[in-house]
Amino acid sequence: MTTLVVHESMFGNTRAIAEAIAADLPGHVEVVDVTDAPTPLPAHVDLLVVGGPTHAFSMSRAGTRRDAVGQGAAHEHEVRGIREWLGGLPRTPHVAVAAFDTRVTKVRRLPGSAARAAGKVIARRGLGRVVAVESFYVEDVSGPLLEGEVERARAWARSLVPAAHPR
Ligand SMILES: Cc1cc2nc3c(=O)[nH]c(=O)nc-3n(C[C@H](O)[C@H](O)[C@H](O)COP(=O)(O)O)c2cc1C
C-alpha cells in the first residue's frame with residue numbers, strides 16, 4: 001500500500017497531525033507540504049490523505065492565508081492551499097481519499113469544516129472515493145492542538161487501512 005499525505009498548515013498544527021497520521025500507516029508513506037504536492041497524483045498511490053486548516057468555515061483561500069500571515073504565520077505558506085491543489089488535479093476515481101482538517105475547539109458547534117468541503121470537491125470532481133472525513137481540534141488560531149489529538153489522529157490513520165486496500 002502506498003499513501004501520499006498532503007498537508008497545508010499555516011502555524012504547524014495540521015502538519016503535526018499529518019505527521020502523526022503518516023507514522024501510523026503501514027506500507028510506503030510520503031508526506032508533502034501542499035506547496036510541493038505533485039500534479040497529477042502519481043499512479044502508484046492507493047490512498048491519498050489530504051488535510052488543511054479550516055478557514056472561514058471551509059478550505060483556505062488566498063485572502064484567509066494572507067490573514068494568517070498577518071497573525072504570525074510564515075509567508076511561504078501563503079502561496080497555495082489544498083483548495084488550489086485539488087482544483088488542478090485530473091480525475092482519479094479509483095483512489096481512496098481521506099480528508100481531515102484542524103479547527104478551533106471553541107467554535108466546534110459551527111458547521112464549517114475544510115475537510116468536509118474538500119470531501120465534496122473530491123467527490124464532485126471524481127478525484128477519488130472519499131473513505132473518511134475528520135476534524136482535529138486546536139485551542140486557538142495558532143494552536144496548540146488539544147491534548148490527545150495526536151493520539152486520536154494515529155488511531156484514525158489505522159482505521160483507514162481496510163478502506164484503502166481494495167482496488
Ligand atoms: C483567516 C482565518 C480564518 C479561520 N476561520 C476558522 C473557522 O471558520 N473555523 C474554525 O474552527 N477555525 C478557523 N480558523 C482557525 C484555524 O482553523 C486554525 O488557525 C488552524 O486549525 C490551525 O492550523 P495550522 O496551524 O495548520 O494552520 C481560522 C484561522 C484563520 C487564520
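Start by selecting helix 5 in this predicted model, and turn to the side where Glu151, Ala155, Arg158 and Pro162 are exposed. The helix runs over residues 149–164, so select that range as a whole: its 16 residues reach 22 Å from the first C-alpha to the last, close to the 22 Å expected at 1.5 Å a residue.

Now turn to the other side of helix 5, and colour Glu149, Ala153, Trp156, Ala157, Leu160 and Ala164, which are buried. If you look down the axis of helix 5, these buried residues fall within an arc of 110°, so they line one face of the helix. What does this buried set pack against? Show helix 1, strand 3 (47–53), strand 4 and strand 5 (129–138), for these are the elements that the buried residues of helix 5 pack against.

**Helix 1**

Go next to helix 1, residues 13–23, which is mostly covered, with eight of its eleven residues buried. The ones to select are Asn13, Thr14, Arg15, Ala16, Ile17, Ala18, Ala20 and Ile21. Keep them on display while you bring in the surroundings, since what covers them includes strand 1, strand 2, strand 3, strand 4, strand 5 and helix 5.

**The ligand**

Two of the residues you have just selected, Asn13 and Thr14, lead on to the ligand. There are 23 residues around the ligand, and those that come nearest are Ser9, Phe11, Asn13, Thr14 and Thr102. Helix 1, helix 2 (62–70) and strand 4 (96–104) are the elements that give two or more residues to this shell. Colouring the shell by residue type will show ten nonpolar residues, eleven polar ones and two charged ones.

**The largest nonpolar core**

Hide the ligand for a moment and select Ile21, Val97 and Ala118, the residues that touch the most other members of the largest nonpolar core, which holds 41 residues. The elements that give two or more residues to this core are strand 1 (2–7), helix 1, strand 3, helix 3 (82–87), strand 4, helix 4 (114–124), strand 5 and helix 5. As background, nonpolar side chains tend to be buried together in soluble globular proteins.

Stay with alanine 118 and display its contacts, which, leaving aside neighbours within four places in sequence, are Val50, Met59, Ile82, Leu86 and Ala99.

**Helix 4**

Alanine 118 also belongs to the buried set of helix 4, which is made up of Ala114, Ala115, Ala117, Ala118, Gly119 and Ile122. These buried residues pack against strand 3, helix 3, strand 4 and strand 5. Is lysine 120, which is found in helix 4, buried or partly exposed? Lysine 120 counts as partly exposed because it has 14 C-beta neighbours inside 10 Å, whereas a buried residue needs 20 or more. You can also draw a distance from lysine 120 to leucine 89, which is 31 residues away in sequence and 14 Å away in space, C-alpha to C-alpha. Just after helix 4, pause at glycine 126, which takes a positive phi of about 70°.

**The loop between strand 3 and helix 2**

Select alanine 56, whose place is in the loop between strand 3 and helix 2, and note its positive phi of about 50°, although it is not a glycine. Alanine 56 is exposed, because it has 12 other C-beta atoms within 10 Å. Phenylalanine 57 is found in this loop between strand 3 and helix 2 as well, and its phi is near 70°, a positive value in a residue other than glycine. With 14 other C-beta atoms within 10 Å, phenylalanine 57 is partly exposed.

Serine 58 lies in the loop between strand 3 and helix 2 too, and with 18 C-beta neighbours inside 10 Å it counts as partly exposed. Not counting residues up to four places away in sequence, serine 58 touches Gly112, Ala114 and Ala117. Draw a distance from serine 58 to proline 111, and you will find the pair 53 residues apart in sequence but 9.4 Å apart in space, C-alpha to C-alpha.

**Two cis peptide bonds**

For the last stops, show the backbone at threonine 39 and proline 40, which are joined by a cis peptide bond with omega about 0°. Proline 40 has its place in the loop between strand 2 (28–33) and strand 3. Then move to glycine 143 and proline 144, where a cis peptide bond again has omega about 0°. Proline 144 lies in the loop between strand 5 and helix 5, which brings you back to the helix selected at the start.

Technical notes
Residues numbered from 1 in each chain as written. Predicted model: local features only at pLDDT ≥ 70, side-chain atom pairs only at ≥ 80, totals over all residues. Near = placed C-beta within 6 Å. Helix = DSSP H or I, 4+ residues; strand = E, 2+ residues; numbered from the N terminus. Nonpolar A, V, L, I, M, F, W, Y, C, P; charged D, E, K, R; others polar. Expected span 1.5 Å × (residues − 1). Arc of directions from axis to C-beta. Contact = placed C-beta atoms within 7 Å. Core = buried A, V, L, I, M, F, W, Y, C linked by C-beta atoms within 7 Å.
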